[in-house]
Amino acid sequence: MPSNTSTIKRWHKNGPIWKLLLKSWNDSIFSDIKHTLQNSAMRLVRAERSGEAFDSQLVIGVRESYVNLGSITEDKLKIYRDNFEKAYMDATLVFYKEKASEYLEANGIESYMQYADQKLKDEDQRAVKYLYSCSLTLSTQNSIKGLVTEYKDIILAECLRMIKNHETEKLQLMFRLIDKVENGIDPMLKDLEGYIVNEGLADMMAAADIITQDSEKYVARLLELFRRFSKLVKE
């Protein structure tokens with residue numbers, strides 16, 4: 001790229017000279033170094049995910065290189081999407097495939113749910129910083145895939161136990177995570193329905209003598225069951 005940047009700025013950004021310069025830059029230099037730049041940017045993002053600090057403008061600068069090259073194509077963000085966005089999504093999945101499984105193995109599923117919930121929030125904030133707005137929905141879906149969908153069955157395996165123990169806060173967290181997965185809450189609802197039916201029948205059978213002899217106590221028993229299970233569902 002010419003060193004006299006002040007001269008370049010005087011030319012219209014979308015004019016023919018500007019586009020010619022970008023094409024020359026892409027053909028002669030950028031096409032040879034873009035993968036190196038891109039990989040370096042993804043390593044920086046990985047470092048940030050691991051808690052390290054760095055100048056975020058380094059990553060943003062690489063992103064803007066792709067966006068600027070879009071000026072020479074009809075779809076202004078195609079080069080960005082095909083390269084930077086794709087690399088970002090792939091790097092996210094690779095990172096959490098490694099780190100999420102490590103965390104789950106070391107800390108158990110209950111702690112993992114808190115971990116996943118926080119990481120989803122972190123990734124949404126990170127995406128706003130490093131991606132264009134057109135990529136944000138895809139980034140959220142990608143994070144859900146890496147943090148929740150891959151571990152859905154393991155998470156749901158704890159549902160019935162939590163229902164039986166009335167661990168409502170943990171169930172709320174589970175619901176918040178699983179609801180992000182298509183049809184994810186169906187097994188939770190099935191577990192809850194089964195628990196209510198089984199507990200209700202067991203309670204009624206245990207009080208069968210009272211119920212058959214005193215209609216008022218029968219109604220009171222039904223109301224008590226209704227209040228108990230309504231409270232669980234609402235919470």
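**An all-helical chain, from its fold to its side-chain contacts**

Read along the sequence, the chain follows the pattern α-α-α-α-α-α-α-α-α-α-α-α. In other words, there are twelve helices and zero strands. The model is a predicted one. Of the 235 residues in the chain, 37% count as buried.

The packing of the helices offers a point of entry. Helix 4 comprises residues 78-107, and helix 6 comprises residues 136-147. The axes of these two helices come within 9 Å and cross at roughly 20°. Because angles under 35 degrees count as roughly parallel, helix 4 and helix 6 are described as roughly parallel to each other. The crossing of helix 4 with helix 6 is right-handed.

Helix 6 also packs against helix 5, which spans residues 109-130. Here the angle is about 160°, and the axes are 10 Å apart. That angle makes helix 5 roughly antiparallel to helix 6, since angles over 145 degrees fall into that class. Helix 5, too, passes helix 6 in a right-handed crossing.

Attention may now turn to the aromatic side chains. A search of the whole structure finds eight aromatic pairs. One of them joins Y80 and F84, whose rings are stacked, with 6.1 Å from centre to centre and 20° between the planes. Both residues lie in helix 4, four residues apart, which is about one turn of the helix. Are these two residues buried or exposed? Y80 has a relative accessible area of 0% and is buried; F84 likewise counts as buried, at 0% relative accessibility. Ring pairs extend the picture further, linking Y66, Y80, F84, Y88 and Y132 into a cluster.

A charged residue also meets aromatic rings. The charged end of R49 sits over the ring of Y88, 5.3 Å from its centre, and Y88 is itself a member of the aromatic cluster. R49 also lies over the face of F95, at 5.9 Å from the ring centre. In addition, R49 takes part in a network of salt bridges that links it with E48, E123, R126 and K129.

That network leads to the salt bridges in general, of which the structure holds 16. Within helix 4, the side chains of D90 and K86 meet in a salt bridge, with 2.9 Å from N to O. D90 and K86 are four residues apart in this helix, so about one helical turn separates them. Both partners count as partly exposed, D90 at 37% relative accessibility and K86 at 48%.

A further salt bridge joins R63 and E64, whose closest N and O atoms are 2.9 Å apart. What is the accessibility of each partner? R63 has a relative accessible area of 11% and is buried, because buried means under 20%. E64, with a relative accessible area of 23%, is partly exposed.

V62 is found in helix 3, which covers residues 57-69. This residue is buried, with a relative accessible area of 10%. V62 and K34 are 28 residues apart along the chain, and their C-alpha atoms are separated by 8.5 Å.

The loops further along the chain hold some details of the backbone. H166 lies in the loop between helix 8 (159-164) and helix 9 (168-178). The phi angle of H166 is positive, about 55°, although this residue is not a glycine. H166 counts as partly exposed, at 36% relative accessibility. Another salt bridge is formed by E167 and K170, with the closest N and O atoms 3.5 Å apart. K170 is partly exposed, having a relative accessible area of 30%.

The loop between helix 9 and helix 10 (186-206) contains N183. N183 also has a positive phi, about 60°, without being a glycine. At 55% relative accessibility, N183 counts as exposed, because the exposed class begins over 50%.

Note on methods: Residues numbered from 1 in each chain as written. Predicted model: local features only at pLDDT ≥ 70, side-chain atom pairs only at ≥ 80, totals over all residues. Heavy atoms only, no water. Salt bridge = Lys/Arg side-chain N within 4 Å of Asp/Glu carboxyl O. Buried < 20%, exposed > 50% of the residue type's maximum accessible area, 1.4 Å probe, protein only. Phe/Tyr/Trp six-rings, centres within 6.5 Å; stacked < 30°, edge-to-face > 60°. Lys NZ or Arg CZ within 6 Å of the ring centre and 35° of its normal. Axes fitted to C-alpha atoms, helices over the stretch in contact; angles between N-to-C directions. Parallel < 35°, antiparallel > 145°, perpendicular 65-115°, else oblique. Left-handed = near helix turned anticlockwise from the far one by under 90°.
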